[in-house]
Amino acid sequence: MAKWTTEYADVPGARIAYRQAGRGPAVLLLHGNSESKALFAEYQTKHFLDYRTFALDSRGHGQTESEDAEYAIGGYADDAIAFCRAMGIPRAFVVGYSDGGNIALHLAQKAPEMFPKLAAISPNYLAEGTVESWLRLFRRSADVLTFLGRLGFNTRKARMRFNLMLTDIGLTAEDLRGIRTQVRILYAERDMIKEDHILEIGRLIPGAEVRRIANCDHMTVFKKAEAIQDIRRFFSAA
């Protein structure tokens, strides 16, 4: 199979685009908001060749095909579960970055038997967990997209994506306390998510381990060698 062939899997209400690479235990790679499976190119061609990786495009992103009235993190998690079932993947590790990390938290809550280990990079479960300057930017951007939509530009999908960043992800503190999957949380020294919010998530999830990655920000943390090595150690540990 060509390294960068895009394949498709049908799930209820969507045709999920994905790329797979490598051989070994299955790993789902879940990108952030307004990104795509291409985010994980080096994971699939360099860093995780000893795993069978599946990089997915969420609804409203990349090449995935769907018709939706809104997007929801919990719905994205349902798609990932349906994808694994369609592909005959009974168990998989997960790497989720930003909104992908939020999807990963939902996977841990919804189907722990399918996802025994997950690495969530810079997650947040409350919108207010985002640094206020970034929230203001997201609100202004959403307002601009709404205005452009009124002028006739097709901004619907972009508006729906921005709304995800302005909305709680649908998990409560009690939900996080009930998670039994092994969770590793990584975040950047200069992150878009408040440090105390990330540490709160780590305290709420039983047994979760949290690590700050130095000399990076939210946009680069997933590419840092220290973060990649940390995830590999986490997945390989007994």
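This presentation covers two helix pairs, two pockets and the cavities of a predicted model.

Good morning, colleagues. I begin with the helix pairs.

The first pair is helix α4, residues 132-150, with helix α5, residues 156-165; their axes lie 9 Å apart and the packing angle is about 155 degrees. Angles over 145 degrees count as roughly antiparallel, and α4 and α5 are therefore roughly antiparallel to each other. The crossing that α4 makes past α5 is left-handed. On the α4 side, the contact is made by L135, F138, S141, A142, L145, T146 and G149, and on the α5 side by A158, R159, F162 and M165. Sorted by class, this contact comprises 7 nonpolar, 3 polar and 1 charged residues.

The second pair is helix α2, residues 73-87, with α3; here the angle is about 65 degrees and the axes are 8 Å apart. That angle makes α2 roughly perpendicular to α3. The crossing in this pair is right-handed. From α2, the residues in contact are I73, G74, Y76, A77, D78, A80 and I81; they meet D99, N102, I103, H106, L107 and K110 of α3. The class count for this contact is 7 nonpolar, 3 polar and 3 charged residues.

I turn now to the open spaces.

How much space lies in the largest pocket? The volume is about 270 Å³. Its lining consists of 20 residues, and those closest to the centre are N33, S98, F138, M165 and M192. Two elements, α3 (99-110) and α5, each give two or more residues to that lining. In terms of class, the lining holds 8 nonpolar, 10 polar and 2 charged residues. Two of the residues closest to the centre, F138 and M165, also take part in the contact of α4 with α5.

The second largest pocket has a volume of about 160 Å³. Its lining is formed by E70, Y71, A72, I73, M160, N163, L164, T167, D168, I169 and G170. Helix α5 supplies the largest share of this lining, 3 residues. The classes here are 6 nonpolar, 3 polar and 2 charged. I73, in this lining, is also one of the α2 residues that meet α3.

Finally, the enclosed spaces.

How many cavities of 30 Å³ or more does the structure hold? There are 2.

The largest cavity contains about 60 Å³ of space. It is lined by I16, L30, L56, D57, S58, R59, Y76, D79, A80 and I103. Which helix gives the most to this lining? That is α2, with 3 residues. By class, the lining divides into 6 nonpolar, 1 polar and 3 charged residues.

The second largest cavity contains about 30 Å³. Its lining residues are H31, G32, N33, S58, H61, Y76, D99, I103 and L164, of which 3 are nonpolar, 5 polar and 1 charged.

Several residues recur across these sites. S58, Y76 and I103 line the largest cavity and also appear in the lining of the second largest cavity. Y76 and I103 belong, in addition, to the contact of α2 with α3. N33 lines the second largest cavity and is among the residues closest to the centre of the largest pocket. L164, likewise in the lining of the second largest cavity, also lines the second largest pocket.

That concludes the presentation. Thank you.

How values were computed: Residues are numbered from 1 along each chain as its sequence is written. This is a predicted model: local features need pLDDT of at least 70, side-chain atom pairs count only at pLDDT 80 or more; totals for chains, interfaces and linings use all residues. Side-chain values use heavy atoms; hydrogens and water are left out. Axes are lines fitted to C-alpha atoms, for helices over the stretch in contact, and angles run from 0 to 180 degrees between N-to-C directions. Helices (H or I, at least four residues) and strands (E, at least two) are DSSP runs, numbered from the N terminus. Angles under 35 degrees count as roughly parallel, over 145 as roughly antiparallel, 65 to 115 as roughly perpendicular and the rest as oblique. A crossing is left-handed if the near helix is turned anticlockwise from the far one by less than a right angle, and right-handed if clockwise. Contact means heavy atoms within 4.5 Å. Ala, Val, Leu, Ile, Met, Phe, Trp, Tyr, Cys and Pro count as nonpolar, Asp, Glu, Lys and Arg as charged, and the others, Gly among them, as polar. On a 1 Å grid over the protein atoms alone, a cavity is a set of points where a 1.4 Å probe fits but cannot get out, and a pocket is an open set with protein on both sides within 12 Å along at least five of seven lines; lining residues have an atom within 4 Å of a point. Grid points are joined across faces, edges and corners, and a volume is the space filled by probe spheres set on the points.
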